[in-house]
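Please look at the sequence and the structure shown here before reading on. The report is written for a reader who is new to strands, helices and ligand shells.

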Amino acid sequence: MLAPDQAPVPRAMIEITRVAKTYRTKDGDVPSLRPIDLSIADGEFVVVVGPSGCGKTTLLRMIAGLMAPSEGRIRVGDRVVMKPHSDVGIVFQSALLLPWRTVLANVMMPVEVKRLPRAEYLPRAEALLSMAGLAGFESKHPWQLSGGMQQRVAICRALVHDPKILLMDEPFGALDAMTRERMNAELQRIQLETKKTAFLITHSIPEAVFLADRIVVLSERPGSIAAIYEVPIPRPRKLDVLGSPEFVRLTQTIRAHFKALID
Ligand SMILES: Nc1ncnc2c1ncn2[C@@H]1O[C@H](COP(=O)(O)OP(=O)(O)OP(=O)(O)O)[C@@H](O)[C@H]1O
């Protein structure tokens, strides 16, 4: 048996090392992220907040391999990210469902694109829809669903190929406040059940505090890590927690920090 100080340190699921990004445009260079370091553990839920244009989406796109860093490197699992890869599923602000396809056919899209065996993944798609409260809607079309339901379909689609990581860029930004709160509770449940590592960008500080294990606050562009807050509220968190003193205190602290960044 290993002594406590010899116990293996679990390897991070996402390791971001001195990653910076400058966009080279015909009008000149646009520095968007200063070198940042961040380790995200397997199963952890990390939420990123920061002023508009500070580089949040840029960071997400680099984790997904959709864009290369200008400096530094990103490791996901055992591999250094060099190109788009299957370890992530991505959810955007708009569900981006294909209107002529049924809900189930939309969820199966990544299986087709990645040429995975349909027979193996079909039951998984159905199980995900059921877990997301969409059993019975498999053969409906996107226009027959509410905005919140469409976003749940997008989450199922992001998870269908069983990626290790769920990346979300303002997934509930277009929803009304009540639906958004319900979706936060749903997302928490889905993440706890699937045990995925989650990385979410939001402009809503309450959403960040409700969902996160850790909140990363980025500074104005070119973004750098201004602070990291742990959220010690036990899970599963019910929506009642939004009114608890601990929740309100943390929300206010982060809001004040945020305000100081942009004033
Ligand atoms: N393709 C690009 N070419 C040049 N500059 C870009 C490009 N994409 C983003 N930028 C610039 O990089 C900066 C960071 O953009 P990014 O979209 O990552 O910010 P963000 O924090 O996600 O913003 P928001 O909260 O408004 O969505 C912005 O100033 C933006 O103008």
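The sections below take up the annotated domain, a sheet with its helix, and the surroundings of the ligand.

## The model and its annotated domain

The structure is a predicted model. According to UniProt, in an unreviewed entry, the feature "domain: ABC transporter" lies at residues 14-245. Over residues 14-245 the chain is 31% helix and 27% strand, while the C-alpha atoms at the two ends are 32 Å apart.

## A four-stranded sheet and its helix

Strands of a sheet pair through backbone hydrogen bonds, and this pairing may be either parallel or antiparallel. Here four strands form an open sheet in the order S2-S1-S4-S5, and their pairing is antiparallel. Strand S2 (28-40) and strand S5 (79-80) are the edge strands, each of which pairs on one side only.

Strand S1, which covers residues 14-25, pairs with strand S4, residues 71-76, in the antiparallel sense over five bridges. Within this arrangement, Ile 16 stands opposite Ile 74 in S4. Helix H1, made of residues 56-64, packs on the sheet and touches S1, S2 and S4, and its direction makes about 115° with that of S1.

## Around the ligand

Of the 13 residues around the ligand, those that come nearest are Tyr 23, Ser 52, Lys 56, Thr 57 and Thr 58. The elements S1, S2 and H1 each give two or more residues to this shell, and H1 supplies the largest share, with three residues.

By kind, the residues of the shell divide into eight polar, three nonpolar and two charged.

Notes: Residues numbered from 1 in each chain as written. Predicted model: local features only at pLDDT ≥ 70, side-chain atom pairs only at ≥ 80, totals over all residues. Pairing = 2+ DSSP bridges. Contact = placed C-beta atoms within 7 Å. Axes fitted to C-alpha atoms, helices over the stretch in contact; angles between N-to-C directions. UniProt positions renumbered as here; feature names shortened; annotations may be inferred. Near = placed C-beta within 6 Å. Nonpolar A, V, L, I, M, F, W, Y, C, P; charged D, E, K, R; others polar.
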